[in-house]
Amino acid sequence: MQLYNTLSAKEREKLIEEAGKDRLTISFYKYAHLGNPKIFRNHLFIHWDELEVLGRIYVAHEGINAQLSVPADNFELFKKHLDSITFLENVRLNIAIEQDNKSFLKLKVKVREKIVADGLNDKTFDVTNKGIHVGAKKFNELIEDPETVLVDMRNHYESEIGHFKNAVTPDVDTFRDSLDIIEKDLAEHKEDKKLVMYCTGGIRCEKASAYYKHKGFKKVYQLEGGIIEYTRQVKNQDLENKFLGKNFVFDHRRGERISEDVIANCHQCGKPCDTHVNCANEACHLLFIQCKECAEAMQECCSLDCKETHSLPYEEQKVLRKGKKASNKIFKKGRSEVLKYKK
């Protein structure tokens, strides 16, 4: 029974090019109480591998979080399989605004302790007791209400390139960091203010909405489907778009353009720019914002040291990396002393 990838990313990329068929990039999640995540993981891998699904999927006792791509020709079969799973029947699928056939190059279905790491160890907390879901029209109305506090539940490097007008954007590296900070900052408004939250596709603010209800907040709302679904509804319903800039996404594309506003800046020269890249030095791989001019001058590296290393023959680079763990900078996205213009 095959429960692993048999092709490398490069081999898969070549096959996608040769096939010449369109693929759909999709994300979805569902909080549920799963008895045996490992068996569920194996079931998904077997069926989705046959459908040429590629992506990054996490399953846990609290549910599933999936970001993937599927051949457009296989979409109906994929949807039929989802609907055959009781708790995933008619689950909302967020289809990417901008498509890329190479958004994912491997199928990875992993069992995790949680589908969204939250650092919580509270058995009385029920993640399925969520806040009120609202669509784009109601969301626009809520965030114009002076009694509303709008909170971005994403990390600093995401909100830096795009966020809703007047949103609180916590300067955090992880979701778990934001939970306590927001609760502390809004503690005096548990009874009176409307707490409205949003994220990329809805999974983080759904858990956050349940958490803040658990902590005593009375008026808790979340943007259903996140920024991805909001953008779709704004276009379909001819609503005012209140999102500025790009929506950061966790695949090869790194971002989807929502509005023409560029609200970020190149981390190396300071000029307006909202293009995320990874440092070309494999020993660094830092995620940061870099304009075209700096990319050319720095050979797509984040610092002169990385540029020097990247200029070495590949075999020499491998020797330098030998025995060393991957730099922690890869996890500190956008956090580095070499980035002169990082806000």
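Are Asp274 and Lys246 buried or exposed? Asp274 is buried, and Lys246 is buried as well. The model is a predicted one, and this pair is a good place to enter it. Asp274 and Lys246 form a salt bridge, with their closest N and O atoms 3.7 Å apart. The pair ties together distant parts of the chain. Asp274 sits in the loop between β12 (255-257) and β13 (276-278), while Lys246 belongs to strand β11 (residues 243-248). In sequence, 28 residues separate them.

How many salt bridges are there by this rule? The count is 26. One of them joins the side chains of Glu206 and Lys130, at 3.7 Å from N to O. This pair, too, links distant parts of the chain, with the two positions 76 residues apart. Glu206 lies in helix α7 (residues 203-214). Lys130 lies in the loop between β5 and β6. Their surroundings can be compared by accessibility. Glu206 counts as buried because its relative accessible area is 5%, under the 20% limit. Lys130 has a relative accessible area of 34%, so it is partly exposed.

A local case comes next. Glu141 and Lys137 form a salt bridge, and the closest N and O atoms are 3.1 Å apart. Both residues are in helix α4 (residues 136-143). They are 4 residues apart, about one turn of the helix. Glu141 is partly exposed, with a relative accessibility of 42%. Salt bridges also join up into a network, which links Glu62, Lys114, Asp118 and Lys207.

Charge gathers on the surface as well. Lys106, Lys108, Lys110 and Arg112 make up a patch of positive charge there. Arg112 is in the loop between β5 (107-111) and β6 (132-134). Its relative accessibility is 37%, which means that Arg112 counts as partly exposed.

Now turn to strand β7 (residues 148-152), where Val151 is found. Why does Val151 count as buried? Its relative accessible area is 1%, and buried means under 20%. Setting aside neighbours within four places in sequence, Val151 is in contact with Val168, Ile182, Leu186, Leu195, Val196, Met197 and Tyr198. Ala66 gives a sense of scale. Its C-alpha atom is separated from that of Val151 by 24 Å, and the two residues are 85 apart along the chain.

Gln233 is another buried residue, with a relative accessible area of 16%. Its place is in helix α8 (residues 226-237). Which residues does Gln233 touch, not counting those up to four places away in sequence? They are Gly135, Ala136, Asp238 and Leu239.

Two backbone details remain. Most residues other than glycine have a negative phi. Asn166 has a positive value, near 65°, and is not a glycine. Asn166 is in the loop between β8 (162-164) and α6 (175-185). At 73% relative accessibility, Asn166 counts as exposed, because the cut-off is over 50%. Arg254 also has a positive phi, of about 70°, although it is not a glycine. Arg254 lies in the loop between β11 and β12. Its relative accessibility is 25%, so Arg254 counts as partly exposed.

Technical notes. Residues are numbered from 1 along each chain as its sequence is written. This is a predicted model: local features need pLDDT of at least 70, side-chain atom pairs count only at pLDDT 80 or more; totals for chains, interfaces and linings use all residues. Side-chain values use heavy atoms; hydrogens and water are left out. Patches are made of residues with over 30% relative accessible area and no salt bridge: like charges are joined within 9 Å, nonpolar side chains (Val, Leu, Ile, Met, Phe, Trp, Tyr) within 5 Å. Accessible areas come from the Shrake-Rupley method with a 1.4 Å probe; for residues, only the protein chains shown count as cover. A salt bridge is a side-chain nitrogen of Lys or Arg within 4 Å of a carboxyl oxygen of Asp or Glu. Lys and Arg count as positive and Asp and Glu as negative; His and the chain ends are not counted. The place of a charge is taken as NZ of Lys, CZ of Arg, CG of Asp or CD of Glu. Buried means under 20% relative accessible area, exposed over 50%, partly exposed in between (1.4 Å probe, protein chains only). Contact means heavy atoms within 4.5 Å.
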